[in-house]
Amino acid sequence: MVKKNKGDAAETAADAVSHGTPETLVTTPWEDTLESRAALLLQSGEPVVLVTVVSRTGSAPRDAGTRALQTRNGFEGTVGGGLLEARTMEAARNSLQSAVSARVSVDLSGFLPTSDMICGGGMEVLCEVLAPRQIEMFTLASRVLRQGGRGVWLVELRDDGVSLHGEAANPVRQLFIDALPSDGQEENAPLPDGVSVGLDAVLPLVEARKNKPGLVERDGRVLYVEPLDAPPVLLLCGGGHVSLEVARLAHSCGFVVDVVDDRTEFSNAERFPMARQCLVLPEYENLVQTCNIGRRHFVAILTRGHSFDREALAQALSSHAQYVGMIGSKTKREQVYGLLRAKGVPASELAAVCCPIGLSIEAETPQQIAVSIVAELLAVRAGTLMRLRFDD
């Protein structure tokens with residue numbers, strides 16, 4: 001939990017001058033999903049193996065749905081580290097060299113227990129050689145993810161040993177989406193091979209897995225089903241010192257980062273190269289509509305003044321954001337809440353706001369505050385916030 005401290009005071013002093021600027025939007029390239037990264041690599045002519053954990057046994061470190069990429073330049077991502085990852089990387093390199101996909105089991109069986117290897121378990125991993133013809137499929141998947149749409153990957157796993165140089169590729173990957181993204185890109189273009197619009201055919205498989213990735217058997221076929229999981233979006237209201245550190249850490253933890261400030265010099269792609277978009281909104285007007293705040297949004301209010309915090313909070317409470325947090329002391333919280341209650345904001349809505357923002361680790365520096373805030377965001381995603389957060 002973050003109190004008003006030296007970091008807050010320094011940020012307030014540094015941000016004292018207001019600049020009235022028109023609304024601007026700077027968007028950085030969308031490379032925040034594995035789908036977009038895979039498409040980019042394939043477009044550049046790079047051979048790619050998509051590594052997917054399709055099942056787990058025992059105390060293996062990562063569950064089904066964990067993914068990474070193997071290229072000629074190395075392994076991008078992680079499937080948990082240690083011996084299991086080393087074996088996975090070896091299998092992925094073999095598939096990259098042979099251009100043949102493989103479904104392999106990696107485990108610790110056959111090893112004598114030692115002081116640093118007391119946990120058993122294993123993973124079944126699909127090393128899937130991607131083909132250039134799948135560029136459009138992965139590109140479309142990344143567009144759907146960007147708009148927060150729904151979709152499902154379906155992969156039929158076969159042990160026929162067919163080379164991926166042939167038409168009968170092994171495995172067979174399909175993409176099902178609920179609707180085409182409304183981003184105006186080639187709206188009348190034919191669907192890429194392997195793509196279907198409509199989820200009715202795959203929803204029973206998703207429900208069988210309780211919306212989690214994993215293997216399903218149907219009519220003698222082994223299918224891997226994986227809901228298309230849009231990454232969470234962190235909207236940083238305020239582009240000061242704390243926000244910069246939060247953006248860096250949150251991005252490395254898998255969040256798509258958007259930034260909004262009322263000053264151009266505190267919200268731009270040069271200052272926030274990790275951000276998807278940087279907006280400038282005088283007085284934070286039309287925050288919800290302009291930032292398109294929805295259910296996958298986490299809103300962190302870290303502006304340069306109480307009045308801006310109050311304005312951003314009032315608007316965020318009218319959205320469907322999954323999380324809303326505001327920096328400041330308990331005294332500031334009561335002042336801001338009191339003004340909002342006087343304007344008719346229900347106490348129940350204010351009670352859902354995390355203020356002071358962040359887990360209670362006695363954070364002082366912007367870097368420490370960022371750790372407390374991102375840890376709180378991760379706890380919300382994991383459903384453990386209630387037992388971690390408490391008031392002093």
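**Exercise 1. Overall composition**

Task: State how many helices and strands make up the secondary structure of the protein, and what percentage of its residues count as buried.

Solution. In this predicted model, the secondary structure comprises twelve helices and 16 strands. The chain has 392 residues, of which 50% count as buried. Turning to the surface, the protein exposes about 18400 Å², with 51% of that area supplied by carbon and sulfur atoms. As for contacts with a separation of 6 or more, 63% are accounted for by residues 24 or more positions apart.

**Exercise 2. The nonpolar cores**

Task: Determine which elements each supply at least two residues of the largest nonpolar core, and which residues have the most contacts inside it.

Solution. Begin with the core itself: it has 31 residues, and those with the most contacts inside it are Leu-234, Leu-236, Val-246, Phe-272, Leu-302 and Ile-373. Next, assign the core to elements: strands E12 (233–237), E13 (256–261) and E15 (297–301), together with helices H6 (241–252) and H11 (366–382), each supply at least two residues. H11 gives the largest share, seven residues. Then examine one member, Leu-236: beyond its neighbours within four places in sequence, Leu-236 is in contact with nine residues' worth of surroundings listed as Ser-243, Val-246, Ala-247, Val-257, Asp-258, Val-259, Val-260, Ala-300 and Leu-302. Finally, a second, separate core has 27 residues, including Val-288, Phe-308, Ala-321 and Leu-350. As a general tendency, nonpolar side chains in soluble globular proteins are buried together.

**Exercise 3. Helix H4**

Task: Establish whether helix H4 is mostly covered or mostly uncovered, and identify what covers its buried residues.

Solution. First, the geometry: H4 (residues 135–146) has twelve residues and reaches 17 Å from its first C-alpha to its last, close to the 16 Å expected. Second, the burial: nine of the twelve residues are buried, and H4 is therefore mostly covered when buried is taken as under 20% relative accessible area. The buried set consists of Ile-135, Met-137, Phe-138, Leu-140, Ala-141, Ser-142, Arg-143, Val-144 and Leu-145. Third, the cover: it includes helix H2 (34–43) and strands E2 (49–58), E7 (151–157), E8 (172–177) and E9 (195–197). Just after H4, Gly-148 takes a positive phi of about 75°.

**Exercise 4. Classifying Lys-332 and Val-197**

Task: Decide whether Lys-332 is buried or exposed, and do likewise for Val-197.

Solution. Lys-332 is placed in helix H9 (residues 330–342). Its relative accessible area is 5%, which is under 20%, so Lys-332 is buried. Apart from neighbours within four places in sequence, Lys-332 is in contact with His-306, Asp-309, Met-326 and Ile-327. Val-197 belongs to strand E9. Its relative accessibility of 44% falls between the 20% and 50% limits, so Val-197 counts as partly exposed. Val-197 also joins Leu-180 and Leu-191 in a nonpolar surface patch of about 240 Å².

**Exercise 5. Backbone features in loops**

Task: Locate Asn-211, Asn-286 and Pro-356, and describe the backbone of each.

Solution. Asn-211 lies in the loop between helix H5 (203–208) and strand E10 (214–218). Although not a glycine, Asn-211 has a positive phi of about 65°; at 58% relative accessibility, it counts as exposed. Asn-286 lies in the loop between strand E14 (277–280) and helix H7 (287–291). Its phi is positive, about 55°, although it is not a glycine, and at 48% relative accessibility it counts as partly exposed. Pro-356 lies in the loop between helix H10 (347–351) and H11. The peptide bond from Cys-355 to Pro-356 is cis, with omega near 0°.

Definitions and conventions: Residues are numbered from 1 along each chain as its sequence is written. This is a predicted model: local features need pLDDT of at least 70, side-chain atom pairs count only at pLDDT 80 or more; totals for chains, interfaces and linings use all residues. Side-chain values use heavy atoms; hydrogens and water are left out. Helices (H or I, at least four residues) and strands (E, at least two) are DSSP runs, numbered from the N terminus. Buried means under 20% relative accessible area, exposed over 50%, partly exposed in between (1.4 Å probe, protein chains only). Contact means heavy atoms within 4.5 Å. Accessible areas come from the Shrake-Rupley method with a 1.4 Å probe; for residues, only the protein chains shown count as cover. A nonpolar core is a set of buried Ala, Val, Leu, Ile, Met, Phe, Trp, Tyr and Cys residues joined through side-chain atoms within 4.5 Å. The expected span of a helix is 1.5 Å times one less than its number of residues. Patches are made of residues with over 30% relative accessible area and no salt bridge: like charges are joined within 9 Å, nonpolar side chains (Val, Leu, Ile, Met, Phe, Trp, Tyr) within 5 Å. A salt bridge is a side-chain nitrogen of Lys or Arg within 4 Å of a carboxyl oxygen of Asp or Glu.
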